[in-house]
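Subject: Structure handover and findings

Dear colleague,

Please find below the structure we discussed, together with its sequence. My notes on its helices, its sheet and two loop residues follow.

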Amino acid sequence: LKMNPTLIQALQLAIAAQLSSFITKDKTRFQGPPVVLIGTSGIGKTAAIGALARGLGKNFIGFETAGKRAEDLVGYPYPDLEKGWMDFLPSRQVVEALKAGEGKTIMFFDEICDVSRSTQKACHSVFCGHKFGDIQGPIHMALVGAGNPPDISTTGGSLSLAMKMRVCQLEAKCDPITFAQGLRNGFPSADIISIPNNWTELIPTKNSLVASFIEARPELAETQADQDHLPSASPRQWTHVAVYNAICEASGMLGCRSILLE
């Protein structure tokens, strides 16, 4: 792998947070957010996610978003003449994702920054609730995207503000030393982190810490990033902070916190 090993570890924690879930005080289900790697071409974003899927024993489904239409995610309308209504026919890749089973799939959306805004809008329900149109996908399915920053992307596009609020963005960079050693000795596989099954029990405590911080600095509850492609703070993102703090502490990977929370 060409990227910094700590970044790969942070990516694995972000994936693991999606494969778990917990019930909040108001009885709603919550889990870690989808994660999107933003970085230049050729640094191994796709390879890193595929390697983690193999190491974790998960099915890897690649979805090339560039050139796709919104209907490829939410389904194509077709008339059910027998029942007298319109329905939606899912794409083959969606059907594969649904067949993969609960907790067994990492679905990868490549070049997500270069898709049209309508296609990104179609991603909202997928990334928020694993819903592909009218079809509910597995709850414990990890969604990972990758894209280039707007200055080098094919279309100059970036994630919409609504999409940025729904995901954890990780800045992916090539680590020169890791890359050089990989050229000489072969690139290593990803080391798999041991994560306790009860890690979500730490989330209420981390939520309280976030709440105390927001009470002390309410002006930071919602902020806008200086550049369009960078993360922005929102109430949804602050809940992500609590989740990542919990999984980093439970797994002993405190060095990943700065990457996941920056």
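Helix α4, which spans residues 92-100, lies across β4 and β7 and runs at about 160° to β4. Please keep in mind throughout that this is a predicted model.

The sheet

The two strands beneath that helix belong to an open sheet of five strands, arranged in the order β4-β7-β10-β3-β11 with parallel pairing. The edge positions are taken by β4 (59-64) and β11 (168-171); each has a single partner strand, so one side of each is left without a neighbour in the sheet. On average, and with direction ignored, neighbouring strands of this sheet are turned by 20° against each other.

Two of the pairings can be described in detail. Between β4 and β7 (residues 105-110) there are six bridges, in the parallel sense. Within this pairing, Phe 109 of β7 is the bridge partner of Phe 63, and Phe 108 of β7 is the bridge partner of Gly 62. On to the next strand, β7 and β10 pair over four bridges, again in the parallel sense. Here Ile 106 stands opposite Ala 142 in β10.

How enclosed is β7 by the rest of the structure? Six of its six residues are buried, so β7 is largely enclosed. In a regular strand the side chains alternate between the two faces of the sheet. In β7, Thr 105, Met 107 and Phe 109 point one way, whereas Ile 106, Phe 108 and Asp 110 point the other way, and all are buried. The buried set therefore includes Asp 110 as well as Phe 108 and Phe 109.

Helices α1 and α2

Helix α1 also packs on the sheet, where it touches β3 (35-38), β7, β10 and β11. The direction of α1 makes about 140° with that of β10.

In addition, α1 (residues 5-19) packs against α2 (residues 45-56) at an angle of about 60°, and the two axes are 11 Å apart. That angle makes α1 oblique to α2. The crossing of α1 past α2 is right-handed. On the α1 side the contact is made by Ile 8, Leu 11, Gln 12 and Ile 15, which meet Ala 48, Ile 49, Leu 52 and Leu 56 of α2. Sorted by class, this contact has seven nonpolar residues, one polar residue and no charged ones.

His 140 and Met 141

Both of these residues deserve a separate note. Met 141 is placed in the loop between β9 (135-136) and β10 (142-147), and His 140 is found in the loop between β9 and β10 as well.

Are these loop residues buried or exposed? Met 141 is buried, with a relative accessible area of 0%. His 140 has 18% relative accessibility and therefore counts as buried, the cut-off being under 20%.

Residues up to four places away in sequence are set aside in the contacts that follow. Met 141 touches Gln 18, Leu 19, Ala 97, Thr 105, His 130 and Phe 132. His 140 is in contact with Gln 18, Leu 19, Ser 20, Ser 21, Arg 29, Gln 31, Glu 102, Gly 103 and Lys 104. Gln 18 and Leu 19 thus appear in both sets of contacts. Finally, the C-alpha atoms of Met 141 and Gly 101 are separated by 8.5 Å, although these residues lie 40 apart along the chain.

Yours sincerely

Methods. Residues are numbered from 1 along each chain as its sequence is written. This is a predicted model: local features need pLDDT of at least 70, side-chain atom pairs count only at pLDDT 80 or more; totals for chains, interfaces and linings use all residues. Side-chain values use heavy atoms; hydrogens and water are left out. Buried means under 20% relative accessible area, exposed over 50%, partly exposed in between (1.4 Å probe, protein chains only). Contact means heavy atoms within 4.5 Å. Axes are lines fitted to C-alpha atoms, for helices over the stretch in contact, and angles run from 0 to 180 degrees between N-to-C directions. Angles under 35 degrees count as roughly parallel, over 145 as roughly antiparallel, 65 to 115 as roughly perpendicular and the rest as oblique. A crossing is left-handed if the near helix is turned anticlockwise from the far one by less than a right angle, and right-handed if clockwise. Ala, Val, Leu, Ile, Met, Phe, Trp, Tyr, Cys and Pro count as nonpolar, Asp, Glu, Lys and Arg as charged, and the others, Gly among them, as polar. Two strands pair if DSSP finds at least two bridges between them.
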